[in-house]
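The following exercises concern the secondary structure elements of one protein model. Please examine the sequence and the structure before reading each solution.

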Amino acid sequence: MTDPNRIWTEAADRLKAEIGDGPFSSYIAPSAVRVDSQGNLILVTPTAYARDWVRKNALRRMNELWLGLDGLSRRLEVRCRAEMGSVPPASASREAPRLSSISAAPAAAPTAPAFAPATDGARAVRAAGLQERLTFDSFVEGHGNAFALAIAKQVASWADGHFNPVFFCGPYGYGKTHLLNAIAWEAQRLRPDAKVVYLTAERFLSTFVRAMQDRSTAAFKESLRSADMLLLDDVQFVGGKTSTQEELLNTLTALIEDGKRIVLSADRAPVALTDVEPRLRSHLAAGLTCPVEAADRDLKVAVAQSRLNALAKLGVVTGEARPEVLEHLVDRTPGSMRELEGAVNTLAAVAGSRLSTLTVDEVQTLLGAALRTGPERRITVDEIQKTVAEHFNLKQADLLSERRTRAIARPRQIAMYLCKQHTTRSYPDIGRRFGGRDHTTVLHGVRKIEELMPKDDQIARDVEALTRKLRG
């Protein structure tokens, strides 16, 4: 038998029976045999990771099988696809047969994950799921995010002496995704040849699961572990998923050992990710944890103005809004920056060319239900504590005490949640006002109430009732 196609088919059948379906489908099935211009037989793997695995675990046996079937006593070499750029496909030679994926095996699994890593400048970065408008130029700096912004710019500059990983944490809508996008854009601009990979944790999870189902985990691993910079958004979503956490831990370990950059974000600090396995949680906390805190009123007004400026450039509005209109918009949207942006978008859509002439009363009439009605007054931490304590038949001192019984711990968490919703106090500041607690305790408490409200009707009713009391 001298036909390479027939030899490879039979050798592949035998190898599959010896090493099992899993390793075969991950490392051998996506590969193909080629003949180079000198007549050498080369097994071409999709990735360098798969090439190294084959060399270590299967190449010797593959050659034994091949030599036992090939009358010409030829031997196989193994190279990855990236190394074959100068080697023409087998079909380019008139005498050499064209050899493709193993015909005896099941249909080859995809050789790359479903996401598109940023490997070719701005176009590839865009394909990776980034938003073009989320850059450093469009990020509005304020007291609550100044430190996070400075760290983000340092990471994006590829500066030496960096912390690894850098972990941005804070509630939804405070700018974490914006910072990760901005880092990716700037890092790619400064080093066009670098491989910058941006993923949400949800996409990491779904792609990993698909890779396991398609038996293409080798290509998935290679796509991440060959990155020069990996940015992973909303890490809290890997909590409770054992195999995904294990893969993420292995990926982070490999990248850190190779000196690659890692940037992560979550709605809580690493120590508060209680659903995450302790070893992974330890790795997440090993670098720099950087809180992104709530915006104060001045920053929110600046963000609203920045968004209107961007919409003006697109021709959505003309003119500038009056300062009192922007302040009114901010006062009626005390939630996250995303809520504020939605209110600004609504204003722009309604106003158009009338933007500069609109009064506060007209804005209230035009937007109506889109804005929270009624006069907003300044709510203090002390007032929240007193209101919560009264609602639950407790003393204010109970909320500040070290007692951790459920009858006190849950109202305390509700009070912390309300402080984040209705004041501009930072997590550390709220913690200090609750008996000197650490900011991570406040983060955990806020997130716990956010998780429970959709599931627990009583907690949802309590929060709603307290909110009405606080707003008068």
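**Exercise 1.** Determine how many residues of helix α9 (residues 217–225) are buried.

Solution. Of the 9 residues of helix α9, 9 are buried, so the helix is largely enclosed by the rest of the structure. Buried means under 20% relative accessible area, with exposed over 50% and partly exposed in between (1.4 Å probe, protein chains only). The buried residues of α9 include the charged-type names Lys 221, Glu 222 and Arg 225, and among the others are Phe 220 and Leu 224. Helices (H or I, at least four residues) and strands (E, at least two) are DSSP runs, numbered from the N terminus.

The model is predicted: local features need pLDDT of at least 70, side-chain atom pairs count only at pLDDT 80 or more, and totals for chains, interfaces and linings use all residues. Residues are numbered from 1 along each chain as its sequence is written, and side-chain values use heavy atoms, leaving out hydrogens and water.

**Exercise 2.** Establish the strand order of the sheet and identify its edges.

Solution. Step one: 3 strands form an open sheet of mixed pairing, in the order β1-β2-β3; two strands pair if DSSP finds at least two bridges between them. Step two: β1 (32–35) and β3 (76–80) each have a single partner strand, so one side of each is left without a neighbour in the sheet. Step three: β1 and β2 run antiparallel and are joined by 4 bridges, whereas 5 bridges join β2 (residues 41–45) to β3 in a parallel arrangement.

**Exercise 3.** Describe the surroundings of strand β2.

Solution. First, 5 of the 5 residues of β2 are buried, so the strand is largely enclosed by the rest of the structure. Next, Leu 41, Leu 43 and Thr 45 point one way from β2, while Ile 42 and Val 44 point the other way. Finally, Leu 43 stands opposite Val 33 and has Val 78 as its bridge partner in β3; Val 44 stands opposite Arg 79 in β3.

**Exercise 4.** Classify the packing of helix α16 (residues 381–391) against helix α21 (residues 457–470).

Solution. The two axes come within 10 Å and cross at roughly 130 degrees; axes are lines fitted to C-alpha atoms, for helices over the stretch in contact, and angles run from 0 to 180 degrees between N-to-C directions. α16 and α21 are therefore oblique to each other, since angles under 35 degrees count as roughly parallel, over 145 as roughly antiparallel, 65 to 115 as roughly perpendicular and the rest as oblique. The contact (heavy atoms within 4.5 Å) involves residues including Ile 384 and Val 388 of α16 and Leu 466 of α21.
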